[in-house]
Structures are given as C-alpha cells and as structure tokens.
Amino acid sequence: FFRSPSGNIQCEINFGRAPAAAGADSLPDGVYCMSQQPLQSVQIRADGSLTDACTGPTCGSDGPTDQGVLAYGQSAALGPFTCLSEESGMTCTANGRGFEISTAGIFAV
C-alpha cells in the first residue's frame, strides 16, 4: 500500500500472495488505485488489462492509515507491476499497458 504525497491517490500492488484461508476472499495479482477527488478507482491485471474502472460515490474505499508515501518522481515495483508517482497523477503499468489516475480522470496508457 502507498499513497501520493498529496494523499489524494492510494494504491495497492498485489503479487504472488499466498492463497487466502478457507472462506476468505483471495486477491488476484494486480494493482488497485483510487482517488478521493474525484471519487474513482481502477485496477489492472498482470497483462496490463484494465478492470473495474469506476467513477462516482460507490467507488471509494480506505487503505491502511499507516501506508507509505510514494514521492513524486519515484516508482514502486513488484512482479510485472510498476507505479510512478507524479504531480499530475499516478501511472501504473504491467507489460507496457495500464492506467493513469488523476484529478482529470482515469486514462488507459
């Protein structure tokens, strides 16, 4: 889990997690990001395909309160996933495809 320096964007990279315990939800490999302003969220899978792009009041969630900050110009990588934090937004890719999430919206890259 990490957030942008402004705190508007929060992201989670899941890769190679052990299977969930019986009865618990399993998290597939992917990146999930959401923003507070505007309220929106998006995910990608390991092949870079966009899934679950959402805008509006049903798209929010809260990450952990102790998540780290990914400074502007820095990136976080795990497995095939890379997220780059920039003042203009967060860009996350896998295998050369992915998304940018910002105050301007969600865009495929």
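Q: Buried means a relative accessible area under 20%, exposed means over 50%, and partly exposed lies in between (1.4 Å probe, protein chains only). Why is C59 called buried?
A: C59 has a relative accessible area of 3%. That is under the cut-off, so C59 is buried. The structure is a predicted model, in which local features need pLDDT of at least 70, side-chain atom pairs count only at pLDDT 80 or more, and totals for chains, interfaces and linings use all residues. Residues are numbered from 1 along each chain as its sequence is written, and side-chain values use heavy atoms, with hydrogens and water left out.

Q: What makes C54 partly exposed?
A: C54 has 22% relative accessibility. That value falls between the two cut-offs, so C54 counts as partly exposed.

Q: How do you know that C54 and C59 form a disulfide?
A: A disulfide is a pair of cysteine sulfur atoms within 2.5 Å. The sulfur atoms of C54 and C59 are 1.8 Å apart. The pair therefore meets the definition. The torsion about the S-S bond is -75°, and the link is left-handed.

Q: How many disulfides does a search of the whole structure find?
A: The search finds three. Counting bonded cysteines along the chain, the pattern is 1-2, 3-4, 5-6. In general, a disulfide is a covalent bond between the sulfur atoms of two cysteines.

Q: What makes C11 and C33 a disulfide?
A: Their S to S distance is 2.0 Å. That is within the cut-off, so the pair counts. C11 sits in strand β2 and C33 in strand β3 (residues 30-35), 22 residues apart, so this disulfide links distant parts of the chain.

Q: Why is the disulfide of C11 and C33 called right-handed?
A: The torsion about its S-S bond is about 110°, so the disulfide is right-handed.

Q: Are C11 and C33 buried or exposed?
A: C11 has 2% relative accessibility and counts as buried. C33 has 0% and counts as buried too.

Q: How do you know that C83 and C92 form a disulfide?
A: Their sulfur atoms are 2.2 Å apart. That is within the limit, so the pair is a disulfide. With a torsion of about 115° about the S-S bond, it is right-handed. Both cysteines are buried.

Q: Why is Q10 called buried?
A: Its relative accessible area is 14%. That is under the cut-off, so Q10 is buried. Q10 lies in strand β2 (residues 9-14).

Q: What makes the pair Q10 and Q67 a polar contact?
A: A polar contact is a pair of N or O atoms within 3.5 Å; within protein, one must be able to donate a hydrogen and the other to accept it, and residues adjacent in sequence count only if both atoms are side-chain atoms. The side chains of Q10 and Q67 make such a contact at 3.5 Å. Q10 is also 9.1 Å from M90, C-alpha to C-alpha, with their positions 80 residues apart in sequence.

Q: How many helices and strands does the chain have?
A: It has zero helices and eleven strands. The cut-offs are DSSP runs: H or I of at least four residues for a helix, E of at least two for a strand, numbered from the N terminus.

Q: What makes β10 and β11 a pair?
A: Two strands pair if DSSP finds at least two bridges between them. Strand β10 (residues 97-102) and strand β11 (residues 105-108) have four bridges, in the antiparallel sense. They therefore count as paired. F99 stands opposite A108 in β11. A hairpin of two residues joins β10 to β11.

Q: Which strands form the open sheet of five strands, and which are at its edges?
A: The order is β7-β8-β9-β10-β11, with antiparallel pairing. The edge strands are β7 (75-78) and β11, each pairing on one side only. Inside this order, strand β8 (residues 81-86) and strand β9 (residues 89-94) pair over six bridges. There, F81 has A94 as its bridge partner.

Q: Why are β5 and β6 called edge strands?
A: The open sheet of six strands runs β5-β4-β3-β2-β1-β6, with mixed pairing. β5 (50-55) and β6 (68-69) each have a single partner strand, so one side of each is left without a neighbour in the sheet. Elsewhere in this sheet, β3 and strand β4 (residues 40-44) pair in the antiparallel sense over five bridges. Y32 has Q43 in β4 as its bridge partner.
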